[in-house]
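Here are a few exercises to work through with the model open beside you. Take each task first, then follow the solution step by step.

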Amino acid sequence: MDKPPPPAKAAPPISLVVVAAIARNGALGRDNALPWRAPGDLRRFRGITWGRPLIMGRKTFQSIGGPLPGRETIVLTRNRRFFADARPEHVHVAENFDAALALAADLARAMGATEAILAGGAEIYRLGLPGARKLRLTLVDCAPEADAFFPEIDWSEWLETRRERAPRGAEDEFALEFIDYQRI
Ligand SMILES: NC(=O)c1ccc[n+]([C@@H]2O[C@H](COP(=O)([O-])OP(=O)(O)OC[C@H]3O[C@@H](n4cnc5c(N)ncnc54)[C@H](OP(=O)(O)O)[C@@H]3O)[C@@H](O)[C@H]2O)c1
């Protein structure tokens, strides 16, 4: 009798990674924009997120203004008509967080990635933090007025795995520190 086929290999789990730049007072944004100029952080964001799916809120998507090269963007919105006229290539829409996670897992597998990125803003970090495996934060050395803040976090659940002072570029308005954490 023929041998039964080997069991199909389970797809590797996709980890959710929070990527955020946070000021000393927890600020993330003001008037739907970043309250600082920090090209050094944007370069890090590009490196960390390249080749991976991103989940972001509709407001953050609008502040960025369109798709990001080398990535697939999932936009969370309850507005079914948000992309009614035209949805840009490499942009997807999800009406709730579970749908966004399922889509991110499918896209990550199709891209050969093992991570999906939670790219903000404040509302989306709040939804995704409980399920995140890693935090990749940029600490921006300022405390600006803001209307979007990173959620409260229980640091006892997180282990710092890397901390690096970024070289301050001429265009960086404030000093930056890159800090990575892994869920314990
Ligand atoms: N510093 C950083 O690293 C960083 C990163 C990202 C963003 N930001 C800043 O953060 C600010 C934006 O953050 P925000 O909290 O105001 O907005 P946001 O999280 O970007 O987007 C909020 C929107 O997401 C949609 N949404 C939220 N929960 C949902 C759910 N459960 N199901 C479906 N849709 C859902 C809703 O869209 P609809 O209203 O269309 O339904 C909601 O209005 C900006 O200032 C931006 O510059 C900073």
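**Exercise 1.** Find which strands helix H3 lies across, and give its angle to E4.

*Solution.* Start with helix H3, residues 97-111. Its contacts (C-beta atoms, placed from the backbone, within 7 Å) show that H3 lies across E3, E4, E5 and E6. Next, fit axes to C-alpha atoms, for helices over the stretch in contact, with angles from 0 to 180 degrees between N-to-C directions. H3 then runs at about 175 degrees to E4.

A note before going on: this is a predicted model, where local features need pLDDT of at least 70, side-chain atom pairs count only at pLDDT 80 or more, and totals for chains, interfaces and linings use all residues. Residues are numbered from 1 along each chain as its sequence is written.

**Exercise 2.** Work out the strand order of the open sheet and name its edge strands.

*Solution.* Helices (H or I, at least four residues) and strands (E, at least two) are DSSP runs, numbered from the N terminus. Two strands pair if DSSP finds at least two bridges between them. Following the pairs gives eight strands in the order E5-E4-E3-E6-E1-E7-E10-E9, with mixed pairing. The edges are E5 (91-94) and E9 (158-165), each paired on one side only.

**Exercise 3.** Describe how E4 and E5 are joined.

*Solution.* Strand E4 covers residues 72-76, and four bridges link it to E5 in parallel. For one bridge, go to Val75: its partner in E5 is Val93.

Definitions and conventions. Contact = placed C-beta atoms within 7 Å.
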